[in-house]
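Hello,

Please find the structure below. My notes on it follow.

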Amino acid sequence: MALTKNKIVERVNDLGFTKKKSVDIVESLLEIIKDSLEKGEDVLVSGFGKFCVKNKSTRRGRNPATGADLTLDARKVVTFKCSGKLRERINR
Amino acid sequence: MNKLEMISALKKEADISKFEAAQIVQIFFDSMADSLSEGERIEIRGLCSFFVKKYKSYTGRNPKTGEKVRINPKKLPFFKCGKELRERVNN
């Protein structure tokens, strides 16, 4: 079973917040993270890792199905760099 | 943005105490770290998903010296950006 938003909401609920408040809090937290990345600002979480926004420049690509040349526009991507501590835990 | 700034922002946004905000940020990342350390997948709609990728042992090379090195089996979390986030960073 995968970890979903629902399970995180349940754990917040266990702190004593109402169900609705727990949902709101988790949504707020997700919004804060997305908002920061949207502004191009990295999100650093000590002990977990960092979420970075990287700029990709325009490049020439190819449609793998048809073989037609195409230009891929410059874009931004979000990358994740795992912290040493988390990496160690995963490999334990 | 770091964890402290995230806690302050959550305190303000959700109208809760700083202590509560700190607890929630901790629960959020601890839950994810716990799942990954058990090899469990994570799916946070709109933000991202993670899965643990297993790598077998292989012989690599030190790119500086060209020396052969044995790389032990390892596991690494693999990050996939969610649709909403991907669209928003490119607005």
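**What lines the pockets, and how the chains meet**

By class, 3 nonpolar, 2 polar and 6 charged residues line the second largest pocket. Here Ala, Val, Leu, Ile, Met, Phe, Trp, Tyr, Cys and Pro count as nonpolar, Asp, Glu, Lys and Arg as charged, and the others, Gly among them, as polar.

Before the rest, some ground rules. This is a predicted model, where local features need pLDDT of at least 70, side-chain atom pairs count only at pLDDT 80 or more, and totals for chains, interfaces and linings use all residues. Residues are numbered from 1 along each chain as its sequence is written, chains are lettered from A and ligands numbered from 1 in the order in which they are written, and side-chain values use heavy atoms, with hydrogens and water left out.

Back to the second largest pocket. Its volume is about 170 Å³ (the space filled by probe spheres set on the grid points, which are joined across faces, edges and corners). A pocket is an open set of points on a 1 Å grid over the protein atoms alone, where a 1.4 Å probe fits, with protein on both sides within 12 Å along at least five of seven lines; lining residues have an atom within 4 Å of a point. Helix 1 (3-14) of chain B and helix 2 (19-38) of chain A each supply at least two lining residues. Helices are DSSP runs (H or I, at least four residues), numbered from the N terminus. Helix 1 of chain B gives the largest share, 5 residues.

Now the largest pocket. It holds about 210 Å³ of space. Of its 15 lining residues, A:G47, A:F48, A:K85, B:D30 and B:A33 are the closest to its centre. Helix 2 of chain B gives the most to this lining, with 5 residues.

Which helix of chain A joins helix 2 of chain B in supplying at least two residues each to that lining? It is helix 3 (84-91). The axes of these two helices come within 8 Å and cross at roughly 40° (lines fitted to C-alpha atoms over the stretch in contact, with angles from 0 to 180 degrees between N-to-C directions). The pair is therefore oblique (not under 35 degrees, over 145 or 65 to 115). A:L86, A:R89 and A:I90 make the contact with B:A33, B:D34, B:L36 and B:S37 (heavy atoms within 4.5 Å).

Last, the whole interface. It takes 43 residues from chain A and 47 from chain B. The buried area is about 4,300 Å² (accessible area, 1.4 Å probe, that two parts lose on being put together, summed over both). Carbon and sulfur atoms give 69% of it.

Best wishes
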